[in-house]
Amino acid sequence: AKRKGPGQRAVFSSAMHDSAKNFMRTAAALRRALERDELVVHYQPMVELRTGTIRGAEALVRWNHPTRGLIAPQEFIPIAEDTGIIVPLGRFVLRRACEQFHALKARTTNGKPFTMSVNLAGAQLGRPNFVNEVEQILAETGVPAGSLKLEITETAAMQNPEAAIEMLERLRKLGVTIAIDDFGTGYSSLSQLHRFPIDTLKIDRSFVSRMASGNDNIEIVRTVVTLGHVLGLNIIAEGVEAAEQISMLDDLQCEYGQGYFFSQPVPFEKFGR
Ligand code: C2E
Ligand code: CA
Ligand code: CA
Ligand code: CA
């Protein structure tokens, strides 16, 4: 950096430089966190709305930081995506969720099917070896392929639609099911949807939370549910926070819901207890 007079900051110590430094520091800390086993997976129940019974769980990662405590994924997933750390991180979450599948299922579904949903980043879809990794994890943990659902956002799927379609087809050949996450927040995808080999639509929380406030919001949800059913898909409503939403969603024949009304994401030990 250039030398300046006393008390003056060099050009290099700009806000941009600070944030780049912060980024690098967080990336390094995140790599160490993976090695030191500081990442934990919490689970949020997926509930059948008609009966109120638990039919599955979504795995959601947190960083159990030694000094800062639990850190939410929004604070580190974007950095993990930009640095490629998302690849080993995502593999860790998938493995842990599959390892804990049997116990979570046994606690909640009375022997009936239980679906474990795991979030997938765009970068993971781009890796040629990904399908083999999934196959191996399923074999090692004894999770039936049909009990694993991989969630991908429209935005991630649209980054490279051709590659995504091919990868999703290979995953479905294994028997794994695919959900489009945060549906409705991307754009132009309604017309593209039929091209994607998917099983489930997750309606974004923003639509579900606005549903009760009248206007056109309930019609948007109705349209998504109808379209999904025409395409033979299951529908999961995200962010269900009130009983009123459940009866509206049930009237629209939306099958499943997740949200704070049922439960926040909880540690493995607390799920179903
Ligand atoms: P997402 O996949 O859309 O997950 C749902 C988020 O909504 C979760 O936040 C969950 O705690 C929150 N949520 C659930 N029900 C309610 C509700 O009723 N009200 C409100 N206000 N919020 C609710 P979380 O756990 O902080 O995760 C945020 C995002 O981080 C996830 O959004 C997902 O995009 C990403 N993420 C989390 N874990 C992973 C992972 O293992 N891999 C990848 N690639 N992304 C992950
Ligand atoms: Ca998700
Ligand atoms: Ca979502
Ligand atoms: Ca969402």
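## The calcium site

Start with the donors of the calcium ion (ligand 2): along the chain they follow the spacing E-x60-N-x31-E-x29-D. Keep in mind that you're looking at a predicted model. The residues behind that pattern are Glu-58 (OE), Asn-119 (OD1), Glu-151 (OE) and Asp-181 (OD), which coordinate the calcium ion (ligand 2) at 2.1 to 2.3 Å. Two of these donors sit in strands: Glu-58 belongs to strand 2 (residues 53-65) and Asn-119 to strand 4, so this pair, 61 residues apart, links distant parts of the chain.

How buried or exposed are Glu-58 and Asn-119? Glu-58 has a relative accessible area of 7%, so it counts as buried. Asn-119, at 31%, is partly exposed. As for Asp-181, it has a second job to show you: it bridges the calcium ion (ligand 2) and the calcium ion (ligand 3), and those two ions lie 3.6 Å apart.

## Aromatic pairs

Now for the rings. There are five aromatic pairs in the count. One of them is Phe-101 with Phe-114: the ring centres are 5.8 Å apart and the planes meet at 70°, which makes the pair edge-to-face because the angle is over 60 degrees. Phe-101 is in helix 3 (residues 86-108), while Phe-114 is in the loop between helix 3 and strand 4 (115-119), so the pair ties together parts that are 13 residues apart in sequence.

Which of these two rings is buried? Phe-101 is, at 2% relative accessibility, and Phe-114 is too, with a relative accessible area of 0%.

## From Phe-114 to Phe-271

Phe-114 also pairs with Phe-271. Here the centres are 6.3 Å apart and the planes stand at 90°, so this pair is edge-to-face. It links distant parts of the chain: Phe-114 in the loop between helix 3 and strand 4, and Phe-271 in the segment after strand 10 (266-267), 157 residues apart. Phe-271 is buried, just as Phe-114 is.

What do Phe-101, Phe-114 and Phe-271 form with Tyr-43? Together, these four residues make up one aromatic cluster.

## A charge over a ring

One more ring is worth finding on the model. Look at Phe-268: Arg-107 lies over the face of its ring, at 4.6 Å from the ring centre.

Terms used: Residues are numbered from 1 along each chain as its sequence is written. Chains are lettered from A and ligands numbered from 1 in the order in which they are written. This is a predicted model: local features need pLDDT of at least 70, side-chain atom pairs count only at pLDDT 80 or more; totals for chains, interfaces and linings use all residues. Side-chain values use heavy atoms; hydrogens and water are left out. Rings of Phe, Tyr and Trp (its six-membered ring) pair if their centres lie within 6.5 Å; planes under 30 degrees apart count as stacked, over 60 as edge-to-face and the rest as tilted. Helices (H or I, at least four residues) and strands (E, at least two) are DSSP runs, numbered from the N terminus. Buried means under 20% relative accessible area, exposed over 50%, partly exposed in between (1.4 Å probe, protein chains only). A charge sits over a ring if NZ of Lys or CZ of Arg is within 6 Å of the ring centre and within 35 degrees of the ring normal. Donors are N, O and S atoms within 2.8 Å of the metal (3.2 Å for Na, K and Ca); water is not among the atoms, so sites may look incomplete.
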